[in-house]
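Here is a structure to question label by label. Each answer sets a value against its cut-off.

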Amino acid sequence: MKNLYCRLFNHDFIIKSEITKFVKEYTCLNCGKQLTTSDQGELIPLTDKRRETNEELRKLYIKRRKLKKNAY
Ligand SMILES: [Zn+2]
């Protein structure tokens with residue numbers, strides 16, 4: 001039933017978490033389908049592998065921001 005809604009009206013995605021300024025994770029309010037931003041800036045399904053990549057990316061991003069802060 002939930003999936004039918006998405007098929008008729010498209011997914012209703014909201015930002016679930018912001019990995020970096022450019023990479024975000026999205027989730028559909030209706031069916032729970034998850035998407036993320038690929039290296040090319042396209043929306044792709046959020047797989048377990050992709051989630052791991054995002055986690056690494058997030059750590060790197062935070063580290064880099066800290067380094068930047070210290071530089072000033
Ligand atoms: Zn959906």
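Q: What kind of model is this?
A: It is a predicted model. The values below are computed from its atoms.

Q: What makes the site of the zinc ion tetrahedral?
A: The angles among its four donor atoms run from 105 to 113 degrees. Four donors count as tetrahedral if all angles lie between 85 and 135 degrees. The values fall inside that window, so the site is tetrahedral. For comparison, the ideal angle for four tetrahedral donors is 109.5 degrees.

Q: Which atoms coordinate the zinc ion, and how do you know that they are donors?
A: They are Cys-6 (SG), His-11 (ND1), Cys-28 (SG) and Cys-31 (SG), at 2.0 to 2.4 Å. A donor here is an N, O or S atom within 2.8 Å of the metal. The distances meet that limit, so these atoms count as donors. Along the chain the donors follow the spacing C-x4-H-x16-C-x2-C.

Q: Which parts of the chain does the pair Cys-6 and Cys-28 tie together?
A: Cys-6 lies in helix 1 and Cys-28 in strand 2 (residues 24–28). The two parts are 22 residues apart in sequence, so the pair ties them together. Both Cys-6 and Cys-28 are buried.

Q: Why is the aromatic pair of Tyr-5 and Phe-9 called tilted?
A: The structure holds one aromatic pair. Its rings, Tyr-5 and Phe-9, are 4.8 Å apart centre to centre, with 45 degrees between the planes. Centres within 6.5 Å make a pair. Planes under 30 degrees apart would be stacked, and over 60 edge-to-face. An angle of 45 degrees is neither, so the pair is tilted.

Q: Where do Tyr-5 and Phe-9 lie?
A: Both lie in helix 1 (residues 2–9). They are four residues apart, about one turn of the helix.

Q: Why is Tyr-5 called partly exposed, and why is Phe-9 called exposed?
A: Tyr-5 has 41% relative accessibility. Phe-9 has a relative accessible area of 54%. Exposed means over 50%, and buried means under 20%. Phe-9 passes the upper cut-off, so it is exposed. Tyr-5 falls between the two cut-offs, so it is partly exposed.

Q: What makes Asp-39 and Arg-50 a salt bridge?
A: Their side chains meet at 3.3 Å, N to O. The limit is 4 Å between a side-chain nitrogen of Lys or Arg and a carboxyl oxygen of Asp or Glu. The distance is within the limit, so the pair is a salt bridge. Asp-39 sits in the loop between strand 3 (34–37) and strand 4 (43–45), and Arg-50 in helix 2 (residues 48–71). They are eleven residues apart, and the pair links distant parts of the chain.

Q: Is Asp-39 buried or exposed, and is Arg-50 buried or exposed?
A: Asp-39 has a relative accessible area of 66%. That is over 50%, so Asp-39 is exposed. Arg-50 has 15% relative accessibility. That is under 20%, so Arg-50 counts as buried.

Q: How many salt bridges does the rule give?
A: The count comes to four. Among them are Glu-55 with Arg-58 and Glu-56 with Lys-59. In the Glu-55 and Arg-58 bridge, the closest N and O atoms are 3.5 Å apart. The Glu-56 and Lys-59 bridge also has its closest N and O atoms 3.5 Å apart.

Q: What separates Glu-55 from Arg-58 along helix 2?
A: They are three residues apart, so about one helical turn separates them. Glu-56 and Lys-59 are also three residues apart in helix 2, again about one helical turn.

Q: Why is Lys-24 called buried?
A: Its relative accessible area is 14%. Buried means under 20%, so Lys-24 qualifies. Lys-24 lies in strand 2. Its side chain reaches the backbone oxygen of Lys-21 at 2.8 Å. Beyond its neighbours within four places in sequence, Lys-24 is in contact with residues including Ile-15, Ile-19 and Leu-35.

Q: Why is Lys-63 called exposed?
A: Lys-63 has a relative accessible area of 56%. The cut-off is over 50%, so Lys-63 is exposed. Its place is in helix 2.

Q: What makes Ser-38 buried?
A: Ser-38 has 8% relative accessibility. That is under 20%, so Ser-38 counts as buried. Ser-38 lies in the loop between strand 3 and strand 4. Not counting residues up to four places away in sequence, Ser-38 touches Ile-44 and Arg-50.

How values were computed: Residues are numbered from 1 along each chain as its sequence is written. This is a predicted model: local features need pLDDT of at least 70, side-chain atom pairs count only at pLDDT 80 or more; totals for chains, interfaces and linings use all residues. Side-chain values use heavy atoms; hydrogens and water are left out. Rings of Phe, Tyr and Trp (its six-membered ring) pair if their centres lie within 6.5 Å; planes under 30 degrees apart count as stacked, over 60 as edge-to-face and the rest as tilted. Buried means under 20% relative accessible area, exposed over 50%, partly exposed in between (1.4 Å probe, protein chains only). Donors are N, O and S atoms within 2.8 Å of the metal (3.2 Å for Na, K and Ca); water is not among the atoms, so sites may look incomplete. Four donors count as tetrahedral if all angles lie between 85 and 135 degrees; four count as square planar and six as octahedral if opposite donors are over 155 degrees apart and all others between 65 and 115; anything else is irregular. Contact means heavy atoms within 4.5 Å. A polar contact is a pair of N or O atoms within 3.5 Å; within protein, one must be able to donate a hydrogen and the other to accept it, and residues adjacent in sequence count only if both atoms are side-chain atoms.
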